[in-house]
Amino acid sequence: MRTGYDLELVHLTKRYGDTVAVRDLNHIFAPGSYVCLLGPSGCGKSSTLRMIAGHEAVSDGAILLDGRDVSHLSPAERGTAMMFQNYALFPHLSVRDNVAFSLRMKGIDKPTRHARADELLELVDMTPLADRLPAQLSGGQQQRVALARALVTKPKVLLLDEPLSALDPFLRIRMRSELKTLQRELGITFIHVTHGQDEALALADEIVVMNDAVIEQAGPAREVWAAPSTEFVARFIGGHNVIPLDQGKATVRADAVTLGEQGVAATVTAVEYQGALVAVTSRTETGDEVLALVPEAQFFNAPKSPGDAVKLAWDERRLHRLRA
């Protein structure tokens, strides 16, 4: 039995005057998957999300949902729902009425829409606060209401635009696991825009890395992290060193670099204690910066300080070649 719907981008392009914000994207999102669009500010990820939602017009190409071109439909007709970064709750409406608002716009009677809103509030653990106003809620509670409101129309695809950026770090990690659990329970596709690599790795079945208006790499989270295909992806995803070779470039993971008696001569430039690991940054004689993530006990057996000379080594089998 199929759960969820195919969403496909076909030669999707967005221009603002002479600027191309999104260039000729082709991608199929697997039904019922959690996908993170990851990339730096201005790479085109939010424009892509807004085109899927119907909040931005498509310049060229098409958006297919369940085999149907939805590019020219209004947001309400598409079968998608969007949860905005600032939650955009109506301050004068109760939590319940905020969640039921789009059903009210569709002319659904009060008992039916309130019953549906109450179902969603139960799903996001907000039943006891149904009669409160948004101003009486914490940031995390407001976010749950915004989530319930986006889900009330039973969308085929839920779109989330940097949904965790307004929360403090502790709450962000908690809400991350709630989003993942909710997506699994609902079985619908979530497409989540973020510039946080940790967030993408923690949440995504698939990561789509965007840079400069195009998709640089897409694949399962572990694959993108362990085998970045370009220098940009390796540097952006973090935890990798880009090593120049005679025939091009390669990456080696920072946790595969060791400090020992043999290897490439370098000088320590920074040491950062991270709990279980210590991040040691060094500069080689050719000017390349190399990060080593050293287990804490091992580091403190032979501690290093900025200015110390070290030898960096790695197993050649751990080198991963990059596309030019």
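Let us begin with Phe29, which is buried because its relative accessibility is 1%, under the 20% limit for that class. The model I am presenting is a predicted one. Phe29 belongs to strand β2, which covers residues 19-29. Which residues does Phe29 touch, leaving aside those up to four places away in sequence? They are Tyr5, Asp6, Leu7, Leu9, Val35, Leu37, Ile191 and Glu206. For a sense of distance, consider Arg78: Phe29 and Arg78 are separated by 49 residues in sequence and by 16 Å in space, C-alpha to C-alpha.

Several of these contacts lead us to other strands. Leu9, a contact of Phe29, has Ile63 in β4 as its bridge partner. That bridge belongs to the pairing of strand β1, residues 7-16, with strand β4, residues 60-65, which is antiparallel and has five bridges. Strand β4 also pairs with β5, residues 68-69, again in the antiparallel sense, over two bridges. There, Leu64 has Asp69 in β5 as its bridge partner. The two strands β4 and β5 make a hairpin with two residues between them, and Asp66 in the turn shows a positive phi of about 55°.

Allow me to turn to the open sheet. In what order do its six strands lie? The order is β6-β7-β8-β3-β9-β10, and the pairing is mixed. At the edges are β6, residues 80-83, and β10, residues 214-220, each of which pairs on one side only. From one strand to the next, the twist averages 20°.

Within this sheet, strand β3, residues 34-38, and strand β9, residues 206-211, run parallel and are joined by four bridges. Cys36 is placed opposite Ile207 in β9. Helix α5, residues 169-186, packs on the sheet and touches β3, β7 and β8, the last being residues 189-194; the direction of α5 makes about 155° with that of β8. Another helix, α4, residues 139-151, lies across β6 and β7, where β7 is residues 157-161, and α4 runs at about 165° to β6.

Helix α4 has a further role in the packing of α2, residues 95-105. The buried residues of α2 are Val95, Arg96, Asn98, Val99, Ala100 and Leu103. What do they pack against? Their partners are α3, residues 110-123, and α4. Just after α2 comes Gly107, with a positive phi of about 80°.

I should now like to consider backbone angles. Most residues other than glycine have a negative phi. Two loop residues next to strands of the open sheet deserve a word. Glu162 has a phi near 40°, a positive value in a residue other than glycine. Glu162 sits in the loop between β7 and α5. Is Glu162 buried or exposed? It is buried, because its relative accessibility is 12%, and the cut-off for buried is under 20%. The second residue is Ala213, which is not a glycine yet has a positive phi of about 75°. Ala213 is located in the loop between β9 and β10. With a relative accessible area of 4%, Ala213 is buried as well.

Further along the chain, strand β15, residues 277-284, and strand β16, residues 289-295, run antiparallel and are joined by seven bridges. Thr281 is placed opposite Leu291 in β16. These strands form a hairpin with four residues between them, and in that hairpin Gly287 has a positive phi near 90°.

Finally, the chain as a whole. It contains nine helices and 18 strands. Its C-alpha trace spans about 75 × 45 × 40 Å along the principal axes. What share of the 324 residues is buried? The figure is 46%. Among contacts with a separation of 6 or more, 62% are between residues 24 or more positions apart. The chain exposes about 15,900 Å², of which carbon and sulfur atoms supply 50%. As for charge, there are 35 positive and 40 negative charges, and their mean positions are 4 Å apart.

Note on methods:
Residues numbered from 1 in each chain as written. Predicted model: local features only at pLDDT ≥ 70, side-chain atom pairs only at ≥ 80, totals over all residues. Heavy atoms only, no water. Buried < 20%, exposed > 50% of the residue type's maximum accessible area, 1.4 Å probe, protein only. Contact = heavy atoms within 4.5 Å. Areas by Shrake-Rupley, 256 points an atom, 1.4 Å probe, with all protein chains shown as cover. Lys, Arg positive; Asp, Glu negative; His and termini not counted. Charge placed at Lys NZ, Arg CZ, Asp CG, Glu CD. Pairing = 2+ DSSP bridges. Axes fitted to C-alpha atoms, helices over the stretch in contact; angles between N-to-C directions.
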